[in-house]
Structure formats: C-alpha cells, structure tokens
Amino acid sequence: MQKIDLTKGNVVPVLISLALPVMGGSVLQFGYSLIDMLWVGRLGTNAVASVGSSSFFMGLGYAINALVVVGTGIKVSHKVGEGNETAARGYINAGLILNLIISLIYCSILFGFSHRFIGFLGLNNEIVEQQSNLYLKWSAVSLFFIFLNTLFARIFGSYGNNKEVLKLSGIGTIVNIILDPVLIYGARLGVSGAAIATLIASIVTSILYLVRGRAIINYDKTVKASFENFKEICRLGFPMAFQRILFTLVNIMLAKIIASFGAEAIAAQKIGLQVESVMLMVIGGLNGAMASFTGQNFGAKKYDRMLKGYNIAIAMGISYAIVTGVLFWIFPQQIGALFVSDELTIAITVGYLKVIAVTLAFAAVEMISNGFFAGLGQPKVSAIISITFTILRLPIALLLTSYYGIYGVWLSIAITSALKGISARSYYEIKIKRSIST
C-alpha cells in the first residue's frame, strides 16, 4: 500500500485530503446509523431505548480498545514520518497481538454477562431489558471484528491512506444498510436483526481490510515485536483509554439517572446522540487528519507546519459547528419527529438538541485538539482534561436534576463540554505554542 508524505505541500489541501475520506466514511456510517434508527424507530420507543441501553457497553469496549489503537497509531505515524519502516512494522505487530487479546477477553465477558450489564441500569421495563439483552449479545460478537477494523483503519491513517479506509468502510456500510430492513422486518428479528446486520457487515469489512492491506496489517514474521513495542503502545494508549473508559462509565451512571425518567428519556438521548453525530462526523474527520498530519510532521521536525495545520483545522471545525448548532436550535421538533411519533420522547429530544447546540463549537475545539495532542505523542493532556470535567458531570447532573428534571442531565453535559474545549485551547496557547516558538 502506498505511503503518502504529509510533510510537504500546501497545508490546507493536505488537511482536506486527509479529512475528507474520514468524513466520507463518517457520512456513510451516519447514513447507515440514521437508516438503522429510522427502521428501529418504527418498532417503537421501547426498541429505541433497547438499542440506547446496549450502546453504553459497546462504547465501553471502544474505550478499552483505545489502549491499542491510539498507541499503535501514534508510534506508527512517527516511524513513518522518520522513514523507519522496520520500526513501524514492529509496532504494527505488537498492536495486532494486543488487539486480539483485548477483543477476545472483553467480547467474551460482554456476551456471557450481558443480562447483568443491562440489569445494572435499572430500566424497570421488562420488554426493554429483554430486547437490550439480545441486542447486546449479538453486538458482543460483532465487537470482535469492529475492534480489528478500528485498528486497521488507524494503521492505514498513519500511512496517510485514508482514502482506502473510506472505500472499505463504505462497502461494509452499504452491506449494513441493505441487511437492516431484511433482518429487522423481513426475517422478523426486530432489534436483534439490527445487531446481526452489523455483525455481518463488520465481518465483510474485516475481510476486505485483510485483503487490501495485507502488505502492512498482516503479522510480519520477519520483524519481532519487542517488549519495548508493547510498552510504548500501552504507555501512549493508556491515558486516552483511561479517559474514554471513565467517560463511558460516567455515561453509564448518567444512564441510570436518565432511566429513572422512563424509556422515553433513554430513547430521547439515543436520538439526540444520533443527531449530534452529524457534527461529529465532520469534526471526527479533522481529528483523524490532525493525528496523522501532526504525527508525520512532528517526526520530520516540521513544527511550524504542524502548528499552522492545527489552527486551520480549528477554524474549519468551529465554522461547521456553528452552522450545525443553528440548525439544531431552529428545527429540533422536526428532527425528533423523524425517528419517533411519541410526543413525550420528541419533547425530551428537543430539550437535548437545544442545550447541546450551544456548546458544539467547544466540542469541536476539544476533538481537534485531541487529534493534535495524540499526534504529538501527548495523549495524556487530552486524558487529564477529559477526566477532570467528565467526573464533574455526575455531581452537576445530580444537582441540576433536582431543579430541572431530565434537562439537568443535558445541562451537565453541555457545561462540562464547554469547559473541555476552553481547557484544550488554553493548554495549546500556554504550553505547546510557547514551547515550540522558543
């Protein structure tokens, strides 16, 4: 597979060429997720709540897997930037081994104890609990392949080859979209059908990655994965993984609070998060672009180019977040009605979208900065910022729900999101920019 040099050329076109494939993949994924939610939404509020309840534990798996994905991505991009292909192969081999071990352990636990995980949320709705348990079991199996695909995509990105990621993920997404209605309604599998569709699509995507990327993502027996490789991956990946794990655990605790307001509240949050991904799919592209762009330029010691790229990405991200936020504020009722017909669920969704709309620009700054810090090999910066303010969500939510009900949870998310963005930018100005300038 071709390596793309990110240390040369005009910064703006390079960033756009990196970000667009990631955004394109996100658009495809969003298109699938949107259609998936529309199909599931036709099954009713309980079905949406079932998927929403299960998604927290899927998110916990993604967070744990970040230990491997982030660390491997950082080291591979650095070695590619240095022109040391052998060293890059050592880190790829170590990442593949760690990924396999973690995925087998977590997916087995999730499958075997799915009923206990769902029971922890205290849903107090037997139908939702049963559907959530079945959905989570199928999802646990698909997670094994999703873990592989996430690592493969990050390695491809480290070589600057995000276009290939777009092609392969696009095929998997199309498979998912086609299978959804067939399995949910045609085979009458309901919510489980959505999970099975994801499983099949994930397997197809894994096979495509192994075929197209066999030159770099297959285990290379000629290069030994040393203890130092494993150590560095874990050292760099741990801060981000710990941050995401804590973030997910806090979300699970928030879910317990949300569940006390009924299935409608759980469904509303799931819909809100789904709609919010409209913004995240673009900002996520810039995040991925910054990680690869910064990693290679840092390895090549082109620091001015690195800083220029960061500021351009921030300007692009904020502009898009503002436009998206305005749309969320003006049309929340219409957006909520796309997914469900239940008036209470729509009303709660409207509240979520209006509150979150105000802080989307701050979220954009945080996400792009996270990609920048990861590219520098300093993921602990993002971790510290995220951990600090994520923990604050629980006491703030508990305090505000006593005054504003379910909307207190939405406010706690918005307030801490704004603080994260402010802190990330402040760290860049005070520490990174000054240290490089001097």
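**Figure 1. A nonpolar patch on the surface of the predicted model.** Ile322, Val323, Val326, Leu327, Trp329, Ile330, Phe331 and Val358 together make a nonpolar surface patch of about 750 Å². Please keep in mind that this is a predicted model. One member to look for is Phe331, which is found in the loop between helix 10 (303–330) and helix 11 (332–337). With a relative accessible area of 38%, phenylalanine 331 is partly exposed. Patch residues need over 30% relative accessible area, and phenylalanine 331 has 38%.

**Figure 2. The whole chain, for orientation.** Stepping back from the close-up, we find 15 helices and 0 strands in the secondary structure of the chain. The radius of gyration is 21 Å, close to the 22 Å that the globule rule gives for 438 residues, so the chain is as compact as a globular protein of that length. Taken along the principal axes, the box filled by the C-alpha atoms is roughly 55 × 45 × 35 Å. Of the 438 residues in the chain, 57% are buried. Contacts tell us how the chain is joined up: among those between residues at least 6 apart in sequence, 85% join residues at least 24 apart. On the outside, the accessible surface comes to about 17,700 Å², and carbon and sulfur atoms account for 67% of that surface.

**Figure 3. Cysteine 107 and cysteine 234, two residues without a disulfide between them.** A disulfide is a covalent bond between the sulfur atoms of two cysteines. Searching the whole structure turns up 0 disulfides. Cysteine 107 is in no disulfide, and its nearest cysteine sulfur, in cysteine 234, is 18 Å away. Why is the sulfur of cysteine 234 not in a bond with that of cysteine 107? The 18 Å from the sulfur of cysteine 234 to the closest cysteine sulfur, in cysteine 107, is too far for a bond; the cut-off for a disulfide is within 2.5 Å. As for their surroundings, cysteine 107 counts as buried at 9% relative accessibility, whereas cysteine 234 counts as partly exposed at 27%.

**Figure 4. Arginine 188, a non-glycine residue with a positive phi.** Here we visit the loop between helix 6 (162–186) and helix 7 (191–212), where arginine 188 lies. Although arginine 188 is not a glycine, it has a positive phi of about 55°. Is this residue buried or exposed? Arginine 188 counts as exposed, because its relative accessibility is 76% and exposed means over 50%.

Key
Residues numbered from 1 in each chain as written. Predicted model: local features only at pLDDT ≥ 70, side-chain atom pairs only at ≥ 80, totals over all residues. Heavy atoms only, no water. Patch = residues over 30% accessible without salt bridge, like charges linked within 9 Å, V, L, I, M, F, W, Y side chains within 5 Å. Areas by Shrake-Rupley, 256 points an atom, 1.4 Å probe, with all protein chains shown as cover. Salt bridge = Lys/Arg side-chain N within 4 Å of Asp/Glu carboxyl O. Helix = DSSP H or I, 4+ residues; strand = E, 2+ residues; numbered from the N terminus. Buried < 20%, exposed > 50% of the residue type's maximum accessible area, 1.4 Å probe, protein only. Rg over C-alpha atoms; globule rule 2.2 N^0.38 Å. Contact = heavy atoms within 4.5 Å.
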